[in-house]
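Q: Please take a close look at the aromatic side chains of this structure and their partners. Please then set that part in the context of the rest of the chain.

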Amino acid sequence: MRMKKLTSLSLIELDQHYKISKNKYLLKHTKDETIPFFALIAVLATLIIIYFPFYLDFIRVNLEYYSLKNIEPLFIAEFIMITGFIGFFLGAFVLIGEFFLKKDMKLLITLPLKPSEVILGKLSVVLCDQMIISLIFLLPALIYFGIYNHLSIGYYLSMILVVLFSQIFPVLLVLVFILPISHLFKKLKNKELILYILTSLLMVLALIYIFSSKDIFFIVATNPQDMPDIYINPQGIFSRLAWIYPPAFLGAKSLINTNIYRFTWTIAFIGFHIILLTLSLYIGEKLYYSTYVNFLEASTSAEKKASKNIDLLFNKALSPNKALLKREWLYFLKTPSFSVNGFTNVLIFPGLCILLAIIDAGIGINLQKELVGPLIKIKMFLVVFISAIAGSLSGLSYSCFSREGKFIKELKVLPITSSQIVISKFLHIMQLSSIGIISGALIGYILFNLNFLEFINVLTFSIIISIFFNLLQMLIDAFKPTFDWDNPQKAMKQNANGLFSILVIFGILILLGFLYYYISIYFDLHFVLIISSCIFVIFDILLYKLLKNRTTKLLKED
């Protein structure tokens with residue numbers, strides 16, 4: 001009976017999370033919904049077609065080197081470990097949103113369900129999201145390993161279990177961390193923000209530990225051909241972490257052994273995760289419900305306070321434009337899911353560039369020369385690429401209307417025009433994006449040794465093209481907003497508009513890169529960027545007009 005109840009709860013949670021029933025109904029009865037649906041499928045299919053040849057080639061090259069060094073088990077262990085790390089970093093905020101910010105708990109706590117059953121139901125949703133990571137990164141590697149070594153059917157059966165269990169450890173690790181922390185700070189006013197900050201701090205400490213070890217990167221290499229030896233160095237931290245990261249160690253053992261040994265290690269692999277799950281459920285039984293009730297009370301209080309703040313904003317002697325801009329910042333900063341994701345997104349890409357520069361210096365070979373050498377003649381565009389990505393992927397643009405949620409009703413009743421709404425949202429987005437644009441341009445200026453004139457040209461074009469990308473993402477969200485979310489992460493981090501926007505932005509930048517590479521043979525890149533700036537200014541104006549018209553229609557819809 002308990003198992004049937006738990007299964008039903010998990011299926012209902014998954015149906016509600018992915019809106020399966022709702023989407024099936026809309027696709028069947030609403031023709032307008034079929035266009036975005038098939039467009040998303042087309043985008044994903046294109047991504048798979050482009051992605052897999054490169055990734056399979058990467059897997060093939062690495063496995064050949066592992067085979068040459070006679071340490072093939074390390075290949076499996078490291079792929080399991082790296083997939084887990086990716087799941088840890090991408091899933092932490094998703095787990096917080098699902099467990100503490102989703103409004104379905106108002107109903108669940110009234111049902112005859114144990115906290116452990118509710119936790120299992122919510123874990124099923126998080127793990128299904130995280131499983132995408134394993135299907136993309138881990139599954140192809142393990143399948144290729146089996147084909148490469150002509151392994152038996154027993155390997156593939158164990159492989160299925162390893163893939164299915166691959167995200168349990170990182171998710172439960174985050175859960176075991178946030179349950180006591182959330183309970184400890186549940187009485188504080190800004191408990192949600194503190195939870196995000198401490199989880200971010202945990203991720204930062206993990207990154208610092210990984211990338212500060214000299215064993216990873218600070219190995220002297222005399223030429224690029226030595227890079228695979230650095231990566232698979234048995235004494236390096238990746239190698240050592242693979243064997244002390246339990247799922248990697250146990251998973252590799254269950255896959256490389258045969259017969260009874262494979263069965264024994266597979267049982268140990270499953271048993272380890274069951275023990276960790278039992279520990280997580282035990283902690284959850286003690287802490288989860290009481291902590292959530294405090295979060296719920298704080299959320300209700302914040303909503304009432306937000307409504308009062310809006311009244312005060314528009315009652316003060318402020319112009320409508322200033323009041324709307326303050327409203328944007330108020331909602332953004334008062335919702336930690338939005339503010340933490342926004343600030344993180346504008347800083348992460350410049351941070352990765354700094355990290356690569358440190359790695360470059362530590363390895364002892366000039367990666368910039370080896371990897372970017374052929375593109376050095378378009379170094380100005382490479383800086384534009386860094387700056388534009390940093391300024392366009394804050395997450396605010398493709399969720400500008402979705403983040404309104406139920407507060408979209410406010411915009412419909414306020415005595416303001418669609419132009420004022422668009423301008424206020426755009427200014428808010430660009431104010432935050434400017435952090436990424438300027439930091440990206442400065443990092444590129446240092447990495448590629450630009451002179452002052454080149455820097456000014458690059459910064460100007462970066463601002464103009466970032467305006468284009470942000471307006472384009474706002475237009476995408478205006479056509480397909482998500483208002484009926486019960487978890488702030490769904491409006492931003494889990495918004496399908498985000499995936500579509502990222503693919504469009506990278507696609508345009510890559511096409512521009514190819515174009516500028518060939519044009520630079522005949523024309524000076526300074527001149528090309530100036531002309532491009534003028535062209536994109538025209539595009540910006542056209543996009544703004546389209547966005548304003550679409551916003552007017554959106555506000556008139558029921």
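A: **Aromatic rings and their surroundings**

In this predicted model, the charged end of Lys425 is placed over the ring of Phe401, at 5.5 Å from the ring centre. A second arrangement of this kind involves Lys406, which lies over the face of Phe407, 5.9 Å from the centre of that ring.

Lys425 falls within the residue range of helix α20, residues 418-447. The 30 residues of α20 should span 44 Å at 1.5 Å a residue, and the C-alpha atoms at the two ends are 42 Å apart, which agrees. The helix nevertheless contains a kink of about 35°, centred on Ser433. Just after α20 comes Asn449, which adopts a positive phi of about 55°.

Ring-to-ring pairing can be considered next. Across the whole structure, a search finds 29 aromatic pairs. One of the pairs in the structure is formed by Phe468 and Phe539, whose ring centres are 6.1 Å apart and whose planes meet at 45°, so the pair is classed as tilted. Phe468 belongs to helix α21 (residues 452-479) and Phe539 to helix α24, so this pair ties together parts that are 71 residues apart in sequence. The two partners can also be described by accessibility. Phe468 has a relative accessibility of 11% and therefore counts as buried, the limit being under 20%. Phe539, at 36%, counts as partly exposed.

Phe468 and Phe539 are also members of one aromatic cluster, which comprises Phe381, Phe461, Phe468, Phe469, Tyr516, Phe536 and Phe539. A polar residue touches this cluster: Ser533 is in contact with Phe461, and also with Ile464, when neighbours within four places in sequence are left aside. Ser533 is located in helix α24, which runs over residues 525-556. With a relative accessibility of 7%, Ser533 counts as buried.

The cluster also has a link to a nonpolar core. Phe469, one of the cluster members, is found in a core of 59 residues that also includes Phe426, Leu554 and Leu555. This core lies apart from the largest nonpolar core of the structure. In soluble globular proteins, nonpolar side chains tend to be buried together.

The largest nonpolar core has 61 residues, and the members that touch the most others are Phe75, Ile76, Leu95, Phe99, Leu142, Leu175 and Ile178. Helices α3, α4, α6, α7, α8, α9, α13 and α14 each give two or more residues to this core. Its largest share, 16 residues, comes from α4. Leu142 illustrates the packing: beyond residues up to four places away in sequence, Leu142 touches Ile76, Tyr155, Met159, Val162, Val163 and Leu255.

Helix α7 also contains Leu164, which has a relative accessible area of 47% and is thus partly exposed. The C-alpha atoms of Leu164 and Ser134 are 8.1 Å apart in space, although the two residues are separated by 30 positions in sequence.

Backbone angles add further detail in this part of the chain. Most residues other than glycine have a negative phi, and most peptide bonds are trans. His150, by contrast, has a positive phi near 55°. His150 sits in the loop between α6 and α7 and is exposed, with a relative accessible area of 72%. Asn259 likewise has a positive phi near 55°. Asn259 is placed in helix α14 and counts as exposed, at 66% relative accessibility.

Helix α15, residues 320-334, offers another check on helix geometry. Its 15 residues should span 21 Å at 1.5 Å a residue, and its end C-alpha atoms are 21 Å apart, which agrees. The buried residues of α15 are Ala323, Leu324, Leu325, Arg327, Glu328, Leu330, Tyr331 and Phe332; the list thus contains the charged residues Arg327 and Glu328 as well as the aromatic residues Tyr331 and Phe332.

Finally, the overall fold provides the setting for these details. The secondary structure comprises 24 helices and zero strands. Of the 558 residues in the protein, 48% are buried. Among contacts between residues at least 6 apart in sequence, 83% join residues at least 24 apart. The pair of Phe468 and Phe539, with its parts 71 residues apart in sequence, is a link across such a separation.

Key. Residues numbered from 1 in each chain as written. Predicted model: local features only at pLDDT ≥ 70, side-chain atom pairs only at ≥ 80, totals over all residues. Heavy atoms only, no water. Helix = DSSP H or I, 4+ residues; strand = E, 2+ residues; numbered from the N terminus. Expected span 1.5 Å × (residues − 1). Buried < 20%, exposed > 50% of the residue type's maximum accessible area, 1.4 Å probe, protein only. Contact = heavy atoms within 4.5 Å. Core = buried A, V, L, I, M, F, W, Y, C linked by side-chain atoms within 4.5 Å. Phe/Tyr/Trp six-rings, centres within 6.5 Å; stacked < 30°, edge-to-face > 60°. Lys NZ or Arg CZ within 6 Å of the ring centre and 35° of its normal. Bend = angle between axes of the 7 residues up to and from the residue.
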